[in-house]
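Please examine the sequence and the structure shown below before reading further. The explanation after them moves from one region to the next.

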Amino acid sequence: MTALKAEIIDLIRQEGPIGIGRYMALALGHPRHGYYMTRDPLGAEGDFTTSPEISQMFGELIGLWAAHAWQAMGAPARFRLVELGPGRGTLMADMLRATRIVPGFHAALSVHLVETSPVLRARQAATLKGYDPIWHDTVAGALEGPVIAVANEFLDALPLDQFVMMPEGWHERLVGLDDAGALAFGLAAASEDALRIAAAAGAVFEQPAIALDIVTQLAGHLASAGGAALLIDYGSIRSGFGDTLQGMKRHEFVDPLAEPGDADLTVHVDFERMGQAALKAGTALHGPATQRDFLLALGLPQRAQALSLKANARQRDAISDAFDRLIAPGEAGMGDLFKVLALSQRNLPPLPGFDLHRLPDRG
Ligand code: SAH
């Protein structure tokens with residue numbers, strides 16, 4: 001049993017069952033045993049692989065997106081390039097390398113990273129040596145003046161609460177103990193009369209309060225101080241019901257209660273509700289688009305071709321594999337499971353990446 005699991009069992013023995021959000025927060029962020037506090041989880045040797053870790057092309061195209069956004073903002077002389085949950089710093093490094101050729105962009109930017117993990121902060125410091133990044137514990141701390149923000153697989157790591165529809169109404173879903181004293185899902189005895197949402201019996205409603213709060217803060221800042229943000233994650237374009245909590249270890253799904261602190265826990269992002277929160281806070285929305293349509297509209301095929309021209313046969317195969325993984329639909333890739341939503345100050349011209357686009361035949 002993980003040290004954290006023993007601690008959570010003790011906590012439930014003393015205080016009673018805990019909400020899903022509290023369980024996620026402990027599993028991911030416990031100061032000593034939390035999943036992100038103790039390790040670098042990324043890559044083939046780790047538990048999961050993200051788009052920036054699959055290919056440099058991902059960050060390069062997003063770098064050019066950011067440079068477009070900066071020009072659309074009127075090329076402010078100073079702005080903050082902000083990343084939420086930067087992992088190994090790979091996306092930011094690729095963005096910065098690809099934009100060196102954009103006149104004035106690097107002179108205007110300062111790099112700001114929102115990261116809670118000390119292990120990943122150290123990785124980011126090594127990856128981004130020479131760019132003098134400034135770290136923040138909270139999103140609010142990173143927001144000052146004009147901002148261009150990116151977040152890839154950040155919102156999915158934020159704790160949320162769940163509610164289940166029973167014949168007499170909504171009940172909060174909890175983590176408690178079964179008869180044998182093991183962690184088990186259950187329901188609160190009292191119903192949540194305040195949740196006035198119609199649904200069929202058995203429906204699960206997820207309440208991503210922390211993610212909605214962060215999107216509201218970010219959008220409110222962009223609306224008043226200027227800028228744009230790109231949110232990329234797995235999730236749905238339309239709101240729906242369902243339990244999306246998942247555990248992941250060594251690239252396999254695992255029971256979310258099996259190894260708290262030793263397996264990643266995530267949820268799917270409800271892009272409709274994130275978009276509504278941003279609209280309410282005063283920004284314009286672009287998308288959401290699928291990752292496939294977004295990357296194709298930004299010129300992924302052209303970028304892959306340009307890289308292939310300078311590559312040997314083995315590297316060409318790797319580029320082609322990465323291309324497929326980034327945009328393939330269904331189980332084969334990240335093309336339609338992942339969505340991209342951009343927010344911007346209302347008066348900005350359209351941002352690239354959100355025109356519908358079909359894959360040309362690659363003959
Ligand atoms: N964006 C990176 C890493 C994704 S993993 C990539 O695409 O490769 C999630 C990232 O969010 C990690 O860097 C993790 O440490 C960070 N993170 C998770 N919860 C956080 C929180 N509450 N505040 C700030 N960062 C958080």
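The paragraphs that follow treat the ligand site, one helix, two strands and the beginning of the chain.

This is a predicted model, in which local features need pLDDT of at least 70 and side-chain atom pairs count only at pLDDT 80 or more, while totals for chains, interfaces and linings use all residues. Residues are numbered from 1 along each chain as its sequence is written, and side-chain values use heavy atoms, with hydrogens and water left out.

The ligand is a suitable place to begin. There are 19 residues around the ligand, and those that come nearest are Thr50, Gly85, Gly87, Glu115 and Asn152; a residue is near a molecule if one of its heavy atoms lies within 4 Å of it. By class, this shell consists of 10 nonpolar, 6 polar and 3 charged residues. Here Ala, Val, Leu, Ile, Met, Phe, Trp, Tyr, Cys and Pro count as nonpolar, Asp, Glu, Lys and Arg as charged, and the others, Gly among them, as polar.

Some of these residues make polar contacts, that is, pairs of N or O atoms within 3.5 Å; within protein, one atom must be able to donate a hydrogen and the other to accept it, and residues adjacent in sequence count only if both atoms are side-chain atoms. Glu115 places a polar side-chain atom 2.5 Å from an oxygen atom of the ligand. Asn152 takes part through its backbone, with an N or O atom 2.7 Å from a nitrogen atom of the ligand. Gly87 has a polar backbone atom 3.0 Å from an oxygen atom of the ligand. Taken alone, the ligand exposes 570 Å², of which the protein buries 91%; these accessible areas come from the Shrake-Rupley method with a 1.4 Å probe, and for residues only the protein chains shown count as cover.

The next element is helix α5, which covers residues 56-72. Helices (H or I, at least four residues) and strands (E, at least two) are DSSP runs, numbered from the N terminus. The 17 residues of α5 reach 25 Å from the first C-alpha to the last, close to the 24 Å expected at 1.5 Å a residue; the expected span is 1.5 Å times one less than the number of residues. Of these residues, 12 are buried, and α5 is thus mostly covered. Buried means under 20% relative accessible area, exposed over 50%, and partly exposed in between (1.4 Å probe, protein chains only). Among the buried residues are Trp65 and Trp70. At the start of α5, a side-chain oxygen of Ser55 comes within 2.9 Å of the backbone nitrogen of Met57, and just after the helix Gly74 takes a positive phi of about 90°.

Strand β15 spans residues 284-290 and contains Thr290. Thr290 counts as buried because its relative accessibility is 16%. A polar atom of its side chain lies 3.0 Å from the backbone nitrogen of Asp293. Ala289, also found in β15, is buried because its relative accessibility is 12%. Leaving aside neighbours within four places in sequence, Ala289 is in contact (heavy atoms within 4.5 Å) with Phe338, Lys339, Val340 and Phe354. The C-alpha atoms of Ala289 and Phe338 are 8.7 Å apart, although 49 residues separate them along the chain.

Strand β16, residues 338-344, includes Ser344, which counts as buried because its relative accessibility is 0%. The residues that Ser344 touches, beyond four places in sequence, include Ala284 and His286.

Finally, Ala3 belongs to helix α1, residues 3-15. Ala3 is partly exposed because its relative accessible area is 46%.
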